[in-house]
Structure formats: structure tokens, C-alpha cells
Amino acid sequence: MSKPLVGIIMGSDSDLPVMSAAAAICEEFEIEFELDIVSAHRTPEKLVEYSKSAEARGLKVIIAGAGGAAHLPGMVASETVLPVIGVPVKGSSLEGMDSLLSIVQMPGGVPVATVAINGAKNAGILAAQIIGSSDSTLREKIALYKQEMKAQVDAKSEKLKN
Ligand code: RP5
């Protein structure tokens, strides 16, 4: 097995049902990935160590998901030059708006590419596209994925008409 290119981290194992969609996309595109729990509040030293070592360990993109006071993606972005994709995870209250606003409103100079609430699937696709920018084989797979998506919509459209 080669080294992981995508790091998928989350604030708690309770985020896994949402974040597993990002892992599924990596599997679909045959991109090596790693999964871990890294909490901004419960394991702050691990957060710093993970972020600082990510580039040297060969990661190209980090997908970070958290709910509530979701400081994980922003704090990771502050400690690495790798692109960070933030996934706001919907918790038991506030419909995930708390997570979204915690992740999206980053100060200038420290971007986090924020996807929709529970949007881990798109986080996976965006990570694939970032890695694909320097990998033509992967770009072809993404193009095929988009063609298949279009074909599915076309088929549904035809079915409605008939
Ligand atoms: C956040 O707090 C986690 O990302 C999770 O979404 C939320 C609740 O965590 P648990 O209490 O379920 O561990 O840090």
C-alpha cells in the first residue's frame, strides 16, 4: 500500500456516519486515505502534531469534519500549508448552522474550503479534484464520474417524459 494522500479527520467518532461519505469517494476513485479522530478541544496537542506533520507524511489534502463549536478545520488550516476542506457536521441542535458558521467564516489568510452541512461526499470529490490537478489518470476518472451522473439525470428525464 502506498502512503495516504488524503487525511480525513473528525472531532469525534460520532461524526463518522457523516464523514464516511468522504472515505467512500476516496475508495471509489482509488485514492489512498487515512481516517482519524482529532479533536480541537479534547486532543489539542494531537491536532497540532497531526497538522504540522501532514505535509512531510505525504498528505496532499486534509478533510476535517466537526460539529457544534467546530474549530477543527480552521485550527488545522492554521498549522499546515496543505489545502483544508471543512465539513460542518449537523449535531443534535441548531441544525448544523453552528458548525457551518464556525467553519466558514475564517479570517483572511487562513482559508478553509467549506462544503455544505453534512457535505462529506462533496469534500471527497473536491479532494479528488485537487489531487487530480496533477494526475491525469485521476482526472479521467472524475470526468467519467461526471459523465455517469449526467447519464443518470438524462435517463430520469426521459422516464418522466414517457
Ligand atoms: C465536536 O463535538 C465533534 O466534532 C462532534 O460533532 C461534537 C459532539 O461530539 P461527541 O460529544 O459526540 O463526542 O467536537
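Start with the ligand: the shell of residues around it divides into three nonpolar, seven polar and one charged. Keep in mind that this is a predicted model. The residues around the ligand are Met10, Gly11, Ser12, Ser14, Asp15, Ser39, Ala66, Gly67, Gly68, Val89 and Gly91.

**Around the ligand**

Asp15 is a good place to look next. Asp15 sits in the loop between strand 1 (6-10) and helix 1. Is Asp15 buried or exposed? Asp15 counts as buried, because 26 C-beta neighbours fall inside 10 Å. Setting aside residues up to four places away in sequence, Asp15 touches Met10, Gly65, Ala66, Gly67 and Val89. Among the residues around the ligand you will also find Met10, Ala66, Gly67 and Val89.

UniProt, in an unreviewed entry, lists Ser12, Asp15 and Arg42 under "binding site". Ser12 and Asp15 are both among the residues around the ligand. As for Arg42, look for this residue in the loop between strand 2 (33-37) and helix 2 (44-54). Arg42 counts as exposed, because it has 11 C-beta neighbours inside 10 Å.

Gly68 is another member of the ligand shell. You'll find Gly68 in the loop between strand 3 (61-67) and helix 3 (72-77). With 19 C-beta neighbours inside 10 Å, Gly68 is classed as partly exposed; the cut-off for buried is 20 or more. Which residues does Gly68 contact, leaving aside neighbours within four places in sequence? They are Gly91, Asp98 and Ser99. Gly91 is also one of the residues around the ligand.

**Pairs across the chain**

Here are three C-alpha to C-alpha pairs, with the separation along the chain next to the separation in space.

| Pair | Apart in sequence | C-alpha to C-alpha |
|---|---|---|
| Gly68 and Val89 | 21 residues | 7.6 Å |
| Val38 and Leu72 | 34 residues | 7.8 Å |
| Ser93 and Glu49 | 44 residues | 31 Å |

Val38, from the second row, is found in the loop between strand 2 and helix 2. Val38 is buried, since 24 other C-beta atoms lie within 10 Å. Apart from neighbours within four places in sequence, the contacts of Val38 are Ile9, Thr43, Lys46, Leu47, Tyr50 and Leu72. So the table's partner Leu72 turns up in the contact list of Val38, which rests on C-beta atoms within 7 Å.

Ser93, from the last row, belongs to the loop between strand 4 (84-89) and helix 4 (97-104). Ser93 counts as exposed, because there are 10 C-beta neighbours inside 10 Å.

**Two backbone oddities**

Which residues have a positive phi without being glycine? One is Glu30, with a phi of about 55°, and another is Glu95, with a phi of about 60°. Glu30 lies in the loop between helix 1 and strand 2, whereas Glu95 lies in the loop between strand 4 and helix 4. Glu30 is exposed, with 10 other C-beta atoms within 10 Å. Glu95 counts as exposed as well, with 11 C-beta neighbours inside 10 Å. Ser93 is found in that loop between strand 4 and helix 4 too.

**Helix 1 against helix 5**

Two packed helices are described by the angle between their axes and the distance between the axes. Helix 1 (residues 16-28) and helix 5 (residues 120-132) pack at an angle of about 35°, and their axes are 7 Å apart. Is their crossing left-handed or right-handed? The crossing of helix 1 and helix 5 is right-handed.

On the helix 1 side, the residues that meet the partner are Val18, Met19, Ala21, Ala22, Ile25 and Cys26. Helix 5 brings Ala120, Lys121, Ala123, Gly124, Ile125 and Ala128. By class, this contact has ten nonpolar, one polar and one charged residues. The charged one is Lys121 and the polar one is Gly124, because Lys counts as charged and Gly as polar.

**The annotated domain**

Finally, the record's view of the chain. The unreviewed UniProt entry carries the annotation "domain: PurE", which covers residues 4-153. How much of the span 4-153 is helix, and how much is strand? The span is 46% helix and 17% strand. The end C-alpha atoms of residues 4-153 lie 33 Å apart.

Notes. Residues are numbered from 1 along each chain as its sequence is written. This is a predicted model: local features need pLDDT of at least 70, side-chain atom pairs count only at pLDDT 80 or more; totals for chains, interfaces and linings use all residues. A residue is near a molecule or strand if its C-beta atom, placed from the backbone, lies within 6 Å of it. Axes are lines fitted to C-alpha atoms, for helices over the stretch in contact, and angles run from 0 to 180 degrees between N-to-C directions. Helices (H or I, at least four residues) and strands (E, at least two) are DSSP runs, numbered from the N terminus. A crossing is left-handed if the near helix is turned anticlockwise from the far one by less than a right angle, and right-handed if clockwise. Two residues are in contact if their C-beta atoms, placed from the backbone, lie within 7 Å. UniProt positions are given in the numbering used here, feature names are shortened, and annotations may be inferred rather than shown by experiment. A residue is buried if 20 or more other C-beta atoms lie within 10 Å of its own, exposed if 12 or fewer, and partly exposed in between; C-beta atoms are placed from the backbone.
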